[in-house]
Amino acid sequence: MNCDVCKVREAEVFQPHTGRRLCKECFINDVRERVRQEAERQGLFKARKVLLAVSGGKDSYVLADALAEVLKGVKLIAYNITEGISGYNREEHVAKLEGFLRGRGIELLKGSFKSQVGYTLDEMVQASKVKGLNVSACTFCGGFRRKLINEVAREVGADFVATGHNLDDEVQTYVINFLRGDTSRLIREGEEPLRLSDYFVQRVKPLRRVYEWETTMYAYFKGYEFQEVECPYISQRPTLRAKVRELLYSLESKAPGALLRLLEEFDRLAGERKREMLKALPRHQLPRCRICGEPTSYGREICKNCELLLASGLTPKYASLVSR
Ligand code: SF4
Ligand code: ZN
Ligand code: ZN
């Protein structure tokens, strides 16, 4: 059967949300076109420099490939963090990622929790256990990753940080926040996250209208050798996300396109909520942590990351990646 778009090449993939059968080339072009539209919507064409936060998983390969194709005049730099998880972080994965990025003219900055925070994730987890704290590895991991990505983006003078979150990730996050009744989080997520501090570099998610199965297919068609090893701390991830993921899969299989429609609706609600909250928020910027200088929540003197380290009996030994 021939492709529904070019009518010439053989179709290799069925896209349920459009009802079309596509050949490899037209499928890749279709994904890139959605990334281009999203990049335009999020203002990336006006950027001089964009930092890509890349984990080495399939989505980061697709993100880098599609952005390199779409944002021809914009300087792209990538940043990868080695968390320090034994059996999970592998040098060969970073080397492969680096080679792939070099082929697209993108420099890779290689950072780690050990060199930039002073401790590996395993050391943080171990220290917190000794102190009897009930903190999951993912709490340390997510918090420090966000902090380091923001710091590095500032240091290299990036106008935006692009992450590889796909449509499934975005809708799951929206649903989780709604289920928790945490609507204030909406203003930090979504299409145009609100910047409550000049020290936050604007985050964008160019793959937010691309289904996860599509990033998998893209990576497969392109033959990427991405990292597939599972993190040993995966069981500590909140189980709610796995349940929401399952629920959304079954919804999507019964009503193809449901995730895209949900995203549109959530974006609209988030926009409304943001306008309401803007009126109620304090006029001044977020305070900055006395220890590390990163923005922290209103009313706090020390950020959550520094607080967690200190409670685990560890002294922060922060070091810059770029000026070393
Ligand atoms: Fe980090 Fe948790 Fe993901 Fe492992 S599963 S990489 S600890 S967030
Ligand atoms: Zn085609
Ligand atoms: Zn801090």
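## Close-up views

**View 1. Asp-198, an exposed loop residue.** Asp-198 counts as exposed because it has 10 C-beta neighbours inside 10 Å. For burial throughout, with C-beta atoms placed from the backbone, 20 or more other C-beta atoms within 10 Å of a residue's own make it buried, 12 or fewer make it exposed, and anything in between is partly exposed. This is a predicted model: local features need pLDDT of at least 70 and side-chain atom pairs count only at pLDDT 80 or more, while totals for chains, interfaces and linings use all residues. Residues are numbered from 1 along each chain as its sequence is written, with chains lettered from A and ligands numbered from 1 in the order in which they are written. Asp-198 sits in the loop that links helix 7 (167–179) to strand 7. Helices (H or I, at least four residues) and strands (E, at least two) are DSSP runs, numbered from the N terminus. Look for Gln-285 too: in sequence it is 87 residues from Asp-198, yet the C-alpha to C-alpha distance is 7.7 Å.

**View 2. The whole chain, for orientation.** There are 11 helices and 7 strands in the chain. Its C-alpha trace spans about 65 × 45 × 40 Å along the principal axes. The radius of gyration is 20 Å, which agrees with the value near 20 Å that a compact globule of 324 residues would have; the radius is taken over C-alpha atoms, and the globule rule is 2.2 Å times the number of residues to the power 0.38. Of the 324 residues, 35% are buried. Among contacts with a separation of 6 or more, 72% join residues 24 or more positions apart; a contact here is two residues whose C-beta atoms, placed from the backbone, lie within 7 Å.

**View 3. An open parallel sheet of 5 strands.** The strand order reads 5-4-3-6-7. At the edges are strand 5 (107–112) and strand 7 (202–204), each pairing on one side only. From one strand to the next, the twist averages 30°. Two strands are called paired if DSSP finds at least two bridges between them. Helix 6 (residues 137–155) lies across strand 3 (49–53), strand 4, strand 5 and strand 6 (160–162), and it runs at about 145° to strand 4. For such angles, axes are lines fitted to C-alpha atoms (for helices, over the stretch in contact), and values run from 0 to 180 degrees between N-to-C directions.

**View 4. Strands 3, 4 and 5 in register.** Strand 3 and strand 4 pair in the parallel sense over 5 bridges, and strand 4 (residues 75–82) does likewise with strand 5 over 6 bridges. To check the register, find Val-50 opposite Leu-76 and Leu-51 opposite Ile-77; on the strand 5 side, Ile-77 stands opposite Glu-107. Strand 3 has 4 of its 5 residues buried, so it is largely enclosed by the rest of the structure. Strand 4 is largely enclosed as well, because 6 of its 8 residues are buried.

**View 5. Gly-111, a buried residue in an edge strand.** Gly-111 belongs to strand 5, and it is buried because 22 other C-beta atoms lie within 10 Å. Setting aside residues up to four places away in sequence, Gly-111 touches Tyr-79, Ile-81, Gln-116, Leu-148, Val-152 and Leu-321. Tyr-199 is 20 Å from Gly-111, C-alpha to C-alpha.

**View 6. Glu-83 and the surroundings of ligand 1.** Glu-83 is in the loop between strand 4 and helix 3 (91–102). With 22 other C-beta atoms within 10 Å, Glu-83 is buried. Beyond its neighbours within four places in sequence, its contacts are Asn-89, Phe-113, Leu-121 and Cys-141. Lys-114 is 31 residues away along the chain, with 7.6 Å between its C-alpha atom and that of Glu-83. Both Glu-83 and Cys-141 surround ligand 1, together with Ala-137, Cys-138, Gly-142, Cys-231, Tyr-233, Ile-234 and Arg-237. A residue is near the ligand if its C-beta atom, placed from the backbone, lies within 6 Å of it. The shell comes to 6 nonpolar, 1 polar and 2 charged residues; Ala, Val, Leu, Ile, Met, Phe, Trp, Tyr, Cys and Pro count as nonpolar, Asp, Glu, Lys and Arg as charged, and the others, Gly among them, as polar.

**View 7. Lys-7, with a positive phi.** Lys-7 is in the segment before strand 1 (13–15). Its phi is near 65°. Most residues other than glycine have a negative phi. Lys-7 counts as exposed, with 10 C-beta neighbours inside 10 Å.
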